[in-house]
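Dear colleague,

I am passing the structure below on to you, and my notes on it follow. Please read them with the coordinates open.

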Amino acid sequence: MSVCKERAWETLTKLSFERVTGTEAEKKAAEFLKSECEKAGVEAHLEEYEIDNPIIHEVSFKTTKPVEESYHVIGIGGSGTTPDEGIRAPLVYIENGNDVNLADIKGKICLITGPTMPKKIEAMAKKGAVGFIAVHGTFYDEDSLKQELRPRNSRADKKYNLPGVVMQISDAEKLVRSHPEEVEIVLKQDGEAKGKAQNVVATIEGTDLKDEIVAFSAHYDSVPYSPGAWDNGTGSITILELMHYFAENKPRRTVKFIWCGSEEIGLVGSREYCKAHKDEMDQYIFNINFDMTGVTLGYEYFCCSASEEVRHALEYMAKVENYAVETKMDLYASDSTSFAIAGVPSCSFARLAPRGGAVIHDHRDTMEHLDPDSFMITLNFVVKFSSQIINAPVNVIPRSFAPEIEKKIEERKKMMAKMEGKKEEKETKAA
Ligand SMILES: [Zn+2]
């Protein structure tokens with residue numbers, strides 16, 4: 001018995017609780033995973049790192065003229081603060097916030113229903129806006145869901161201090177239709193506050209080829225309100241089962257199992273891991289990441305952030321093993337991307353849901369739409385796929401990226417360098 005469906009499912013049940021990064025609950029999940037490793041006879045440890053963890057002290061939003069009416073909002077971490085009495089200003093609805101929308105926003109509070117990338121927030125600030133409202137959810141959410149506004153942090157340059165709040169989209173519609181003359185935002189926060197989070201790391205040393213490392217990864221944190229059963233309790237137990245497998249079937253190469261924290265706030269745990277282990281990264285020949293498997297109605301998906309050869313090899317083997325899978329060359333919105341940026345060929349496996357199927361990132365991400373047999377589809381294939389790589393007499397993974405992946409990696413690096421630059425600028429100013 002090397003992988004075990006029943007054991008996996010029992011572990012998933014225990015792991016399915018809200019595990020937001022930087023909280024005690026995430027730490028508890030980390031300790032739980034560590035103890036599961038030790039139960040399997042594999043030493044594991046936690047690797048701690050620092051995260052941005054803004055603390056909201058007070059937030060409110062209301063219309064003040066012609067009538068006073070309060071709306072349910074949450075503050076956007078790191079966006080900015082208002083004076084104690086708040087900011088009162090006219091409201092302007094700026095849709096997606098394109099240049100025409102932004103032409104007349106000076107001294108106003110902007111409601112934006114498009115994406116709020118740092119650039120957009122900075123553009124609003126430069127045009128003289130004094131606050132903004134972003135939206136969340138859908139018109140069709142049940143009432144309990146409408147209360148679940150997902151906290152988010154601003155990645156805009158903090159020199160702009162543009163206080164922002166998030167509102168449910170139905171409220172935003174009501175607000176626009178009420179044509180208020182004036183609205184008020186109160187937002188008090190410590191936008192610079194830091195927190196602690198951790199990765200869980202276990203290692204099974206290889207036999208004759210132990211200097212080469214294959215790293216399995218899966219994030220174990222969840223978003224607020226979500227028990228994170230599918231996203232990503234399933235990935236977490238997938239690599240736990242792979243650990244059981246390789247504990248019993250000694251690998252020729254060294255195998256690492258990395259449960260990443262803080263994925264949901266921007267792949268922070270995996271990025272910190274690659275930073276902390278920078279000097280060893282050329283030993284890592286391949287990263288195999290899992291983000292969401294086990295959904296009953298769904299399809300297998302393989303995102304390849306490596307060379308075309310790896311994708312072809314996967315497709316060949318999938319056919320041989322009767323494994324139906326869709327493949328794509330891309331950077332996946334998960335921890336494999338951190339490894340690719342660190343120069344390690346990587347990939348992500350997922351079992352994704354059809355339209356109208358299971359959802360993530362709110363209280364509905366429970367075990368309801370998952371089942372152990374579907375979970376085993378991915379796991380059984382990956383045991384075979386990864387064993388070949390881990391035990392091959394020579395390294396079968398070319399240390400190169402397809403040109404389109406290379407390009408995307410360079411873009412990410414530039415973006416990250418820009419953000420790091422801003423941080424350093426501020427730090428040197430402060431010093
Ligand atoms: Zn995820």
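Which spacing do the donors of the zinc ion follow along the chain? They follow H-x11-D-x59-D, where donors are N, O and S atoms within 2.8 Å of the metal (3.2 Å for Na, K and Ca), and water is not among the atoms, so sites may look incomplete. Before going further, please note that this is a predicted model, in which local features need pLDDT of at least 70 and side-chain atom pairs count only at pLDDT 80 or more, while totals for chains, interfaces and linings use all residues. Residues are numbered from 1 along each chain as its sequence is written, and side-chain values use heavy atoms, with hydrogens and water left out.

The zinc ion is coordinated by His219 through NE2, by Asp231 through OD and by Asp291 through OD, listed twice, at 2.0 to 2.7 Å. The arrangement is irregular because the 4 donor atoms subtend angles of 51 to 142°; four donors count as tetrahedral if all angles lie between 85 and 135 degrees, four count as square planar and six as octahedral if opposite donors are over 155 degrees apart and all others between 65 and 115, and anything else is irregular. His219 is buried, with a relative accessible area of 0%, and Asp231 is buried as well, at 4% (buried means under 20% relative accessible area, exposed over 50%, partly exposed in between, with a 1.4 Å probe and protein chains only).

Asp231 also takes part in a cis peptide bond with Asn232, with omega about 5°, and Asn232 lies in helix H6 (helices, H or I, of at least four residues, and strands, E, of at least two, are DSSP runs numbered from the N terminus). A cis peptide bond also joins Lys65 and Pro66, with omega about 0°, and Pro66 sits in the loop between strand S2 (55-65) and strand S3 (69-71).

Tyr225, in the loop between S12 and H6, has a positive phi near 75° although the residue is not glycine, and it counts as partly exposed at 38% relative accessibility.

As for the overall layout, the domain assignment, automatic or from a database, gives domain 1 (5-53 + 195-413) and domain 2 (58-190), whose C-alpha centres lie 36 Å apart. Across their interface the rule finds 1 salt bridge, a term that requires a side-chain nitrogen of Lys or Arg within 4 Å of a carboxyl oxygen of Asp or Glu.

With best regards
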